[in-house]
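Visitor: I would like to go through this model by way of its domains and the contacts between them. Please keep the answers brief.

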Amino acid sequence: MTRKFRVAVIGAGIAERHLTGFKWNEDLFEVPVLCSLDEERGRKLCDEYGIPEYVQDAETLFSRDDIDIIDICTPPHSHFDLSRRALEAGKHVICEKPLFGSVADVDAMAEIASATGRTIMPIFQYRYGMGLQKLKRLTELGITGRAFLTTIETHWWRSPDYFAVDWRGKWKTELGGGLLGHAIHAHDMLNYIHGPCDEVFAYGATLNNPIETEDTMALAVRMKNGSLAALSMTLNSHDEISRLRFCFENVTVESILEPYTMGRDPWRFVAKDEAHQRVVDAALAEMPKTEDGYTRQFELFHQALLEGGEPPVTLQDARNSLELVTAAYHSDRTGMPTPMPVTADHPLYRSWLPELG
């Protein structure tokens, strides 16, 4: 019989999507308790998902011996402390994006996880759409050939009502703007396919929303594999799209435009000629269909915990994404290209917040 891991969920916003993922994996996970300061939303989720216990004090969760995993779905500024306390209490951790507010925090958390022997998994559920998974498979098989250029558009709309929530749009609580909180999924896909970035030049601006953080940004990126990327993000597009386009030696690949599920099929795979198209089509036809999103990431996390391997999304994956954010903010402020990786001697290693950096 497969072991079930018992999960305590903290939060009542994005937590609902996590709960859906756990429900689709109900033979692998059980959620006996939800913690939220918002009692109305918290109790509603408990009723909807059959969670027997609601609490408001996260402190009560860390000492419980009937909890295996703490799932952190709170505003970004609380992620580091909750993750640390959970690991030190002997729990595994799932934590929503953006993981932390600096590369230094990721490095510190890696040391804590190593010392406690527990596993922390950042959330990048968009990776598991079948469209992106097909591209990943083609790259693993060497069918794509060399990478040339990637373009990524995260063009969404956020109204003043969205930013009326007190922690949004503020450096100290949201930790960043659209580059950090919105485009981070699509930019993780860049790293997922190509590996780490090598250098970035960026322009950022706050053009429409009454917020402290950026709502628009454009990045030119050189990847360590030698390819180039052009990344654009805005929260001021009434016609919301997300689009990823990958130009390789042997194939050009383009995602769907749906803004929040762009990793899903149907993606377009156009090979250099008919013969290579048959190779591409045959490789894709052999791929088994799997679940996507949170459901798939949680399924793979369960497998990793049982087998003692790395989680499907690692702290290094989160570090890669936050290095790009750090370098982009630094480039925007200095007007200069910024190389990566971001190491301890970088001026923004410990914080990119304007008042702290």
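The exchange below covers the domains, their interface and the salt bridges.

Visitor: Into which domains is the protein chain divided?
Guide: The model is a predicted one. The division is not a plain cut of the chain, as one domain is made of two segments, 126–294 and 323–339. The chain is divided into domain 1 (5–123) and domain 2 (126–294 + 323–339).

Visitor: What does UniProt list for residues 5–122, and what is the strand content of that span?
Guide: An unreviewed UniProt entry lists residues 5–122 as "domain: Gfo/Idh/MocA-like oxidoreductase N-terminal". The end C-alpha atoms of this span lie 17 Å apart. Its helix content is 42%, and its strand content is 23%.

Visitor: How far apart are the end C-alpha atoms of residues 148–338?
Guide: UniProt, again in an unreviewed entry, lists these residues as "domain: Gfo/Idh/MocA-like oxidoreductase C-terminal". The span is 35% helix and 29% strand. Its end C-alpha atoms are separated by 21 Å.

Visitor: What area is buried between domain 1 and domain 2?
Guide: The centres of the two domains, taken over C-alpha atoms, are 26 Å apart. Contact involves 14 residues of domain 1 and 12 residues of domain 2. Carbon and sulfur atoms give 73% of the buried area, which is about 1100 Å².

Visitor: Which three residues supply 37% of the area that domain 1 buries against domain 2?
Guide: No other three residues of domain 1 supply more of that area. They are His 77, Lys 97 and Pro 98.

Visitor: How many residue pairs are in polar contact between domain 1 and domain 2?
Guide: Salt bridges across this interface number zero by the rule. Polar contacts, with both residues at pLDDT 80 or more, are found for three residue pairs.

Visitor: Which helix gives the most to the side of domain 1 that touches domain 2?
Guide: The residues on that side divide into seven nonpolar, four polar and three charged. Three residues come from one helix, the one that gives the most. That helix is α1 (residues 15–24).

Visitor: Which residue forms a salt bridge with Arg 6, and how far apart are the closest N and O atoms?
Guide: The rule counts 26 salt bridges in the model. Arg 6 lies in strand β1 (residues 5–10), and its partner is 24 residues away in strand β2 (residues 29–35), so the pair links distant parts of the chain. The partner is Glu 30, with the closest N and O atoms 3.1 Å apart.

Terms used
Residues numbered from 1 in each chain as written. Predicted model: local features only at pLDDT ≥ 70, side-chain atom pairs only at ≥ 80, totals over all residues. Heavy atoms only, no water. Domains from an automatic or database assignment. Contact = heavy atoms within 4.5 Å. Buried area = accessible area lost by both parts, 1.4 Å probe. Salt bridge = Lys/Arg side-chain N within 4 Å of Asp/Glu carboxyl O. Polar contact = N/O pair within 3.5 Å; in protein donor to acceptor, adjacent residues only side chain to side chain. Helix = DSSP H or I, 4+ residues; strand = E, 2+ residues; numbered from the N terminus. Nonpolar A, V, L, I, M, F, W, Y, C, P; charged D, E, K, R; others polar. UniProt positions renumbered as here; feature names shortened; annotations may be inferred.
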